[in-house]
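The following note is offered as a colleague's reading of the structure. Its points are numbered so that each may be taken up separately.

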Amino acid sequence: MQNTVFTPAWSTWLVSDQRHVDGRPDVMTYTTEVLSEPVRVSGAPIAEIVARTTGTDGDFVVKVIDVFPSENVTKPELGGYQLPISLDIFRGRYRDSFSEPSAIPAGKRQTYKFRLPTVNHVFKPGHRIMVQVQSSLFPLYDRNPQTFVDNIFNARPSDYRKATISLERGPDGSRVWLPVVPAN
């Protein structure tokens with residue numbers, strides 16, 4: 001049996017700076033104004049993504065991020081740091097049932113509701129809260145062919161197709177529910 005060697009990048013991916021993703025055209029980013037008071041979240045954030053896709057399968061990645069102030073005198077490397085505090089991926093084929101996956105009807109509005117990992121975090125004054133939504137977490141999570149197949153691990157190269165995902169916004173659109181509690 002071989003010893004598995006984890007690279008430093010693998011062991012720290014859960015706290016890796018997300019600035020490399022911010023601004024990409026395939027990532028939707030929502031950010032609050034600078035906080036004037038602490039905001040404490042304790043519990044499981046809930047993602048409720050309402051979207052349409054041109055494919056028949058797809059992934060939805062939601063990240064809740066603590067954005068540090070743009071300048072940090074004592075630790076300049078932390079200026080603007082985007083610390084993920086909770087993130088998860090949801091495969092669209094399981095939107096109705098985990099035991100009976102089904103193809104996503106292309107072009108039709110669908111809701112993908114899932115729980116993110118539990119958090120206990122205080123966003124400090126001067127920080128901002130960011131939510132990022134994207135459709136891939138590769139290489140941490142296997143690629144989705146965007147085409148419904150019985151088993152993604154058996155997908156053929158021809159099953160992999162480009163898909164366009166449109167997030168619905170507004171009163172009946174996508175949202176992330178944060179478990180905000182008193183900061184005392």
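1. Q110 lies in strand β6 of this predicted model. Its relative accessible area is 16%, and since the limit for a buried residue is under 20%, Q110 is classed as buried. Apart from neighbours within four places in sequence, Q110 makes contact with I49, V50, A51, R95, I104 and P105. One of these partners, I49, is also listed among the residues with the most contacts inside the largest nonpolar core.

2. Confidence should be considered before the details are used. The mean pLDDT of the chain is 91, and 93% of the residues reach at least 70. Strand β6, which holds Q110, has the highest confidence in the chain, at 98. The lowest confidence belongs to helix α1, residues 8-11, with a mean of 56. Any reading of helix α1 should be weighed against that mean of 56.

3. The overall composition is as follows. The chain contains one helix and eleven strands; the helix comes at the start of the order, and the strands follow it. The C-alpha trace extends about 50 × 50 × 30 Å along its principal axes. Of the 184 residues, 38% are buried. The exposed surface of the chain amounts to about 11,100 Å², of which carbon and sulfur atoms supply 54%. Considering contacts between residues at least 6 apart in sequence, 80% link residues at least 24 apart.

4. The largest nonpolar core comprises 23 residues, and I49, V62, I85, Y112, F114 and F123 have the most contacts inside it. At least two residues of this core come from each of β2 (39-43), β3 (46-53), β4 (59-67), β5 (82-91), β6 (110-115), β7 (119-123) and β8 (128-134). What does F123 touch, beyond residues up to four places away in sequence? The partners of F123 are L35, E37, P38, V39, V41, V64, I65, D66, I85, R128 and I129. One of them, I85, is itself named among the core residues with the most contacts.

5. Strand β5 is mostly covered, with nine of its ten residues buried. Strands β4 and β5 are paired in the antiparallel sense through nine bridges. Within β5, R91 is the residue opposite D59. Both β4 and β5 also belong to the strands that each supply at least two residues of the core.

6. L35 occupies the loop between β1 (28-31) and β2. Is L35 buried or exposed? Its relative accessibility is 14%, and L35 therefore counts as buried. With neighbours within four places in sequence set aside, L35 contacts F123, K124, P125, G126, H127, R128 and I129. L35 and R128 are 93 residues apart along the chain, yet their C-alpha atoms are separated by 5.8 Å.

7. A separate point concerns an open sheet of three strands. Its order is β7-β2-β11, with antiparallel pairing. Strands β7 and β11 are at the edges and have a single partner strand each, so one side of each lacks a neighbour in the sheet. Strands β2 and β7 are joined antiparallel by five bridges, and S42 faces N120 in β7. The antiparallel pairing of β2 with β11 rests on two bridges; V41 has V180 in β11 as its bridge partner. V41 is also one of the residues touched by F123.

8. P179 is placed in the loop between β10 (175-177) and β11 (180-181). Its relative accessible area is 18%, and P179 is buried. Leaving out neighbours within four places in sequence, the contacts of P179 are R40, V41, S42, G43, A44 and P45. P179 thus shares V41 with F123 as a contact partner. Where does F148 stand relative to P179, C-alpha to C-alpha? The two residues are 31 residues apart in sequence and 34 Å apart in space.

How values were computed:
Residues numbered from 1 in each chain as written. Predicted model: local features only at pLDDT ≥ 70, side-chain atom pairs only at ≥ 80, totals over all residues. Heavy atoms only, no water. Core = buried A, V, L, I, M, F, W, Y, C linked by side-chain atoms within 4.5 Å. Buried < 20%, exposed > 50% of the residue type's maximum accessible area, 1.4 Å probe, protein only. Helix = DSSP H or I, 4+ residues; strand = E, 2+ residues; numbered from the N terminus. Contact = heavy atoms within 4.5 Å. Pairing = 2+ DSSP bridges. pLDDT = per-residue confidence, 0-100. Areas by Shrake-Rupley, 256 points an atom, 1.4 Å probe, with all protein chains shown as cover.
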